[in-house]
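Let us walk through the aromatic rings of this protein. Please have the sequence and the structure open as you read.

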Amino acid sequence: MASRPSGSSVFSAAFVRTADGWRGTEVDLTDAEIVDDLGDAVQEGLGLDGDELALLCVEVEDEWFGIVRYQGDAEPRAFLSDAAVRGDVLGELFGELAGVAPERETPEVGVRPAGDFELLRDLGMTPEELIELSMEEGALPADTLSVIAERLSFADELDRLR
């Protein structure tokens, strides 16, 4: 059960907000089979032990990106750049976290962001900005995540991990 879309490169990293700023680490999601596996990878990768705020950022080359927010015992909150993500386990898991209905026949309508558009509001990014960035014509997921990281002040950590 491969979690990587064939022919696409996947980058996944987790970031935790500390008193000194953000700290990040690359996380391997290759063996993720259920939603809880994503949270476990974040917790293990960052060594979380409490109510820390952590973000899991995933980009699949030219296809999509997703962000999951973890904080203490609260349910994870997720944003997915395109609800039409299908065909790989990782995309399905992000779709599940973002509340995307299981695959069914729907007309191709272009990029459709899904999930919790508010998950970054308290960190300085409005839902409107998040949606606009994810729907920007010609923007690659990596570029969009870089803009988000810059706005949230963890761009240096993201660049270090890439």
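The paragraphs below follow the aromatic pairs and one charge placed over a ring.

Start with the source. The model is predicted. It holds five aromatic pairs. One of them joins phenylalanine 15 and phenylalanine 154. Their ring centres lie 4.4 Å apart, and the planes meet at 35°. That angle makes the pair tilted, because only planes under 30 degrees apart count as stacked and only those over 60 as edge-to-face.

Where do phenylalanine 15 and phenylalanine 154 sit in the chain? Phenylalanine 15 belongs to strand β1, residues 10–18. Phenylalanine 154 lies in the loop between α4 (141–152) and α5 (155–161). The two are 139 residues apart, so the pair links distant parts of the chain.

Are these rings buried or exposed? Phenylalanine 15 counts as buried because its relative accessibility is 0%. Phenylalanine 154 has a relative accessible area of 2%, so it is buried too. The cut-off for buried is under 20%.

Phenylalanine 154 has another partner, tryptophan 22. This pair is tilted as well, with 5.2 Å from centre to centre and 50° between the planes. Tryptophan 22 comes from strand β2, residues 21–26. Phenylalanine 154 is in the α4–α5 loop, so the contact ties together parts 132 residues apart in sequence. Tryptophan 22 is buried, like phenylalanine 154.

Put the pieces together. Phe15, Trp22 and Phe154 make up one aromatic cluster.

One last ring remains to visit. Arginine 162 lies over the face of phenylalanine 11. The distance to the ring centre is 5.7 Å.

Technical notes: Residues are numbered from 1 along each chain as its sequence is written. This is a predicted model: local features need pLDDT of at least 70, side-chain atom pairs count only at pLDDT 80 or more; totals for chains, interfaces and linings use all residues. Side-chain values use heavy atoms; hydrogens and water are left out. Rings of Phe, Tyr and Trp (its six-membered ring) pair if their centres lie within 6.5 Å; planes under 30 degrees apart count as stacked, over 60 as edge-to-face and the rest as tilted. Helices (H or I, at least four residues) and strands (E, at least two) are DSSP runs, numbered from the N terminus. Buried means under 20% relative accessible area, exposed over 50%, partly exposed in between (1.4 Å probe, protein chains only). A charge sits over a ring if NZ of Lys or CZ of Arg is within 6 Å of the ring centre and within 35 degrees of the ring normal.
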